Amino acid sequence: MDSISYVLAQRQMNLFKATDRIADQTANANTIGYKSQKDVFSQLVMPLENQKELTTSHISTTVRQTEQGPIETTNNPLDVAIHGKGYFQIDTNNGPKFTRAGSFQVSAQGVLVTPEGNPVLDVGGGFIEFAESDTKVTIHADGAISNQEGEIRGQLGVFTFENEQLLIAEGNNQYRTQQPAEVGFDHRIIQGTLEGSNVNSIQSMTELMDMSNKVESVKKLRDQYNSLSLNMIRTLSDIN
């Protein structure tokens, strides 16, 4: 592949990756606790003739934007938002997962669970269980959960990691990691609220339209270059 074709192909690949990322976060602009991402570029060096080099860039990875999303009031006593750092831990059939989405409910067995039915774990890694007589639940700023009599039913675990970027997205706004989870302290639990997505929907839509235009422009350039190259080959063939 010649250098021009290489640059155009690399540019098109970058645009496709960026478009997929922006489309995904646009679709999740209203997803509870969702975190947007941004692309990180690295340089690629392509050797040319006469010991010259062509330097271009490519998307080497994406990083999660961990900024706090807006806190939205729901008045549901089992909805909770983390204000600050940390993740809730949940128990799944595929091992422990972590999430910022605090939309919880009580199962038929009296266990605090996610909408998918996965138990929410306390600071010690155990289930949080309620009695049939519990008619009112209060979730305090430190995560402690009490009933109408003031009896403690457990304490929501909020966990932090040395490197949040190593959390691997698993769908349903859940993450897995091999890192050790540490009990977090730099946070506050707010009952009756949920953390919204930190995606700027207007900005995201604008970026998506811009990427679409850039993809079309690069496609036209590649078509024009391929056509020019083909015509040149035909011309040279006629001369011979």
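This tour proceeds through the structure in a series of selections, with a note on what each one shows.

**The whole chain**

Begin with the whole chain, bearing in mind that the model is predicted. The protein chain contains two helices and 17 strands. It has 240 residues, of which 39% count as buried. Among the contacts with a separation of 6 or more, 62% join residues 24 or more positions apart.

**The two helices**

Select helix H1, residues 3–27, and then helix H2, residues 201–239. Two residues serve as guides to this region.

The first is Arg-11, which belongs to helix H1. Arg-11 is partly exposed, with a relative accessible area of 36%. Show Lys-214 beside it: the two residues are 203 residues apart in sequence, yet their C-alpha atoms are 9.6 Å apart in space. Leaving aside residues up to four places away in sequence, Arg-11 touches Lys-214 and Val-218.

The second guide is Ser-204, located in helix H2. Is Ser-204 buried or exposed? Its relative accessible area is 1%, so Ser-204 counts as buried, the cut-off being under 20%. Display its partners next: Ser-204 touches Ile-22, Gln-25, Thr-26 and Val-199, again not counting residues up to four places away in sequence.

**A three-stranded sheet**

Move to residues 138–139, which form strand S9, and residues 152–155, which form strand S11. Add strand S10, residues 144–146. These three strands make an open sheet in the order S9-S10-S11, and their pairing is antiparallel. Strands S9 and S11 stand at the edges with a single partner strand each, so one side of each is left without a neighbour in the sheet.

Look more closely at S10 and S11, which pair in the antiparallel sense over three bridges. On this pair, Ala-144 stands opposite Gln-155 in S11. The two strands form a hairpin with five residues between them. Select Gly-150 in the turn, where phi is positive, at about 85 degrees.

**The nonpolar cores**

Which residues of the largest nonpolar core touch the most other members? Select Phe-88, Leu-112, Ile-145 and Leu-156, which hold that position among the 16 residues of this core. Strand S4 (80–84) and strand S5 (87–92) are the elements that give two or more residues to this core.

Centre the view on Ile-145. Not counting residues up to four places away in sequence, Ile-145 touches a set of residues that includes Leu-112, Ile-128, Phe-130, Val-137, Ile-152 and Leu-156. Thr-138, Glu-151 and Arg-153 are also among the residues that Ile-145 touches.

A second, separate core consists of seven residues, including Leu-15, Ala-18, Ile-22 and Ile-59. Ile-22 has already appeared on this tour as one of the residues that Ser-204 touches.

**The loop between S13 and S14**

Select Asn-172 and Asn-173. Asn-172 lies in the loop between S13 and S14, and Asn-173 is placed in the loop between S13 and S14 as well. Phi of Asn-172 is near 55 degrees, a positive value in a residue other than glycine. Asn-173, although not a glycine, has a positive phi of about 60 degrees. With regard to accessibility, Asn-172 counts as exposed at 58%, whereas Asn-173 is buried, with a relative accessible area of 13%.

Step on to Gln-174, which is in strand S14. Gln-174 is buried, with a relative accessible area of 8%. Its contacts, not counting residues up to four places away in sequence, are Ile-90, Thr-92, Lys-97, Phe-98, Glu-116, Asn-118, Ile-168 and Ala-169.

**The largest pocket**

For the last stop, select Asp-24, Tyr-34, Lys-35, Ala-169 and Tyr-175, which lie nearest the centre of the largest pocket. The lining of this pocket comprises 13 residues, and the pocket holds about 210 Å³ of space.

Which elements each supply at least two residues of the lining? They are helix H1 (3–27), strand S13 (168–171) and strand S14 (174–176). By residue class, the lining divides into three nonpolar, six polar and four charged residues.

Key:
Residues numbered from 1 in each chain as written. Predicted model: local features only at pLDDT ≥ 70, side-chain atom pairs only at ≥ 80, totals over all residues. Heavy atoms only, no water. 1 Å grid on protein atoms, 1.4 Å probe; cavity = no way out; pocket = protein on both sides within 12 Å on 5 of 7 lines; lining within 4 Å. Points joined across faces, edges and corners; volume = space filled by probe spheres on them. Helix = DSSP H or I, 4+ residues; strand = E, 2+ residues; numbered from the N terminus. Nonpolar A, V, L, I, M, F, W, Y, C, P; charged D, E, K, R; others polar. Pairing = 2+ DSSP bridges. Buried < 20%, exposed > 50% of the residue type's maximum accessible area, 1.4 Å probe, protein only. Contact = heavy atoms within 4.5 Å. Core = buried A, V, L, I, M, F, W, Y, C linked by side-chain atoms within 4.5 Å.
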